[in-house]
Amino acid sequence: MDAAIQEKVNAWLTGNYDQATKDEITRLQNENPTELMDSFYRSLEFGTGGLRGIMGVGTNRMNKYTLGMATQGYANYLKASFPNQEVRVAIAHDSRNNSRFFAETTANVFAANGIKVFLFQSLRPTPELSFAIRHLHCQGGVVCTASHNPKEYNGYKAYWDDGGQLVPPHDGNVIREVEKIAGVDSVKWGGGESNITMIGKELDEAYIAMVRNLSVYPEVIERQHNLRIVYTPIHGTGIKLVPEVLQRFGFTNVHVVDEQATPDGNFPTVIYPNPEESEAMSIGLRKARQIDADILLGTDPDADRVGIGVKDRKGQWVLLNGNQTAVLAFNYMIEARKAKGISTPADMVVKTIVTTNLIDEIAAHNEIECYNVLTGFKYIAELIKEKEGKKNYIIGGEESYGLMIGSQIRDKDAVSAVALLCEMAAYEKDKGRSLYEKLIDLYVEYGFYKEHLISITRKGMNGQKEIADMMSVYRNNPPATINGSPVTQLLDYQLQKGRNLQKGDTWAIQLPKSNVLQFILADGSKISARPSGTEPKIKFYFSVHTQLASAGEYDKVNAELSTRIEGIIKDMQLK
């Protein structure tokens with residue numbers, strides 16, 4: 001074993017760690033030295049979004065000690081940032097194994113540092129944590145979750161006083177404070193229990209009232225209250241609030257998927273607890289077919305992402321992707337507010353740079369300003385803060401099944417999204433059609449945009465290097481053509497520079513640095529390459545578009561766009 005790794009192992013075997021941890025290290029030494037090496041070969045990185053990793057012993061795992069050291073660093077930064085005042089934080093957790101233990105550990109460390117802690121008494125959706133930070137006038141917050149990762153994972157997301165996740169300069173400053181924590185002996189583990197206040201029902205009521213106020217057409221729900229809704233929380237926190245919110249909206253025919261209703265960190269009915277995966281939605285689809293539902297909705301374990309299913313024109317159930325759902329939601333909030341006479345010239349919507357440009361088209365047509373930000377809702381939250389008093393934020397979203405409606409929360413919120421998507425389905429049903437038919441109509445009106453995503457993982461310790469090399473080649477030697485269409489622009493968000501590859505002129509990109517490249521082709525196609533900051537993984541986002549003359553031509557044009565995407569993937573040798 002590498003000497004540096006052995007030194008870390010010895011430090012844990014001889015330091016102030018509990019006996020169960022030491023026993024597990026000894027067991028791994030004897031039975032699985034490879035696993036032991038992976039557990040200690042590096043420290044679990046406190047990244048810009050917090051912590052996320054496999055649970056277990058060691059410096060490269062999510063456990064009491066790695067989480068405690070991170071919390072101590074965050075506590076130090078909060079106290080330095082808000083001197084001479086009471087510092088307050090809110091803490092929530094999801095349904096994952098150990099999430100309650102991690103939330104209580106986090107609460108104890110904050111409290112031992114003299115920080116006032118508001119701890120949810122049981123599991124809650126992540127968006128309610130964002131809401132609680134604002135509602136309780138906290139300076140920060142933490143939710144213990146690994147979102148939609150496999151069951152072996154857990155994590156820790158850190159928030160600032162606006163209810164959004166940490167953004168510059170705070171993210172980098174917190175990381176530096178966490179890195180200063182030399183070991184477990186630098187952590188205040190207990191002694192401040194009187195600083196902890198349990199919260200629950202009162203916050204739920206305030207949050208539900210906020211969501212209820214997002215409704216644009218309550219009178220339509222009254223007429224369509226019997227809309228047949230199937231909902232699955234996929235063993236997560238959504239069960240705490242989604243059925244109640246739907247009832248408060250006025251829906252009376254809601255069917256929860258029983259097999260996935262109980263919160264369970266083992267996620268026994270799915271491989272990945274992610275509504276982006278058709279497999280995770282398959283039980284819900286079965287129930288939707290059985291009762292001839294109007295809409296199917298599923299949320300991930302911490303209830304910040306939502307996936308939906310609807311029937312197509314032939315009566316077949318289809319799962320919409322995140323871009324399609326976002327298009328419907330953005331359009332509804334823009335159209336409905338306009339029709340109701342409550343839109344204002346200051347209205348704005350926000351999307352991420354890898355989300356469909358169909359939203360930009362819809363916003364432009366309706367004379368609504370659409371801002372594009374880097375991937376992550378923390379950047380949407382940051383923009384809202386920047387534009388406060390000047391712009392009126394309506395809705396934000398991204399292709400990865402996230403929506404954020406209204407400015408009272410500052411993270412993606414599947415609870416309010418489920419309610420508004422059901423209102424949208426009721427609105428269309430009231431007109432005698434489906435959400436699917438509405439989507440096709442939008443394609444006819446604004447252009448048919450089709451998106452596709454692939455994720456490539458490179459295994460082993462060389463994985464990160466292989467992906468870095470791939471990005472370096474794209475950056476320094478971009479292709480002249482892709483799938484027969486000239487590459488007209490290269491947008492490099494790391495260098496914050498756009499370049500016209502045919503004319504040679506350049507311009508500044510007014511966004512924070514991020515390791516993302518975008519190729520814009522002469523035929524209007526857009527390809528985005530975005531490596532993960534924490535895993536040996538790279539995502540490629542493809543967007544192609546053309547005109548759709550009529551709904552009747554949908555199948556033919558859809559096939560043509562699919563062929564174009566396949567051609568791009570083949571030409572870029574990504575398969």
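User: Hi, which helices and strands do the buried residues of H14 pack against?
Analyst: They pack against helix H7 (170–180) and four strands by name: E12 (347–352), E13 (369–373), E14 (392–398) and E15 (402–405). Contact here means heavy atoms within 4.5 Å. Helices (H or I, at least four residues) and strands (E, at least two) are DSSP runs, numbered from the N terminus.

User: What kind of model is this, and how are residues numbered?
Analyst: This is a predicted model, where local features need pLDDT of at least 70, side-chain atom pairs count only at pLDDT 80 or more, and totals for chains, interfaces and linings use all residues. Residues are numbered from 1 along each chain as its sequence is written, and side-chain values use heavy atoms, with hydrogens and water left out.

User: Back to H14, how many of its residues are buried?
Analyst: In H14 (residues 377–387), 8 of the 11 residues are buried, so the helix is mostly covered. Buried means under 20% relative accessible area, exposed over 50%, and partly exposed in between (1.4 Å probe, protein chains only).

User: Which ones are they?
Analyst: Phe377, Lys378, Tyr379, Ile380, Ala381, Leu383, Ile384 and Lys387.

User: And what comes just after H14?
Analyst: Gly389, which takes a positive phi of about 90°.

User: New topic: how many salt bridges are there?
Analyst: The count comes to 37, taking a salt bridge as a side-chain nitrogen of Lys or Arg within 4 Å of a carboxyl oxygen of Asp or Glu.

User: What does Asp304 pair with?
Analyst: Its side chain meets that of Lys157 in a salt bridge, 3.4 Å from N to O. The pair links distant parts of the chain, 147 residues apart: Asp304 is in the loop between strand E9 (295–299) and strand E10 (306–311), and Lys157 is in strand E5 (residues 153–160).

User: Are those two buried or exposed?
Analyst: Asp304 is buried, at 1% relative accessible area, and Lys157 also counts as buried, at 6%.

User: Which residues are in a network with them?
Analyst: Lys157, Asp302, Asp304 and Lys412 are linked in a network of salt bridges.

User: What about H7, where do Lys180 and Glu177 sit?
Analyst: Both are in helix H7, and because they are 3 residues apart, about one helical turn separates them. Their side chains meet in a salt bridge (3.0 Å, N to O). Lys180 counts as exposed at 57% relative accessibility, whereas Glu177 counts as buried at 18%.
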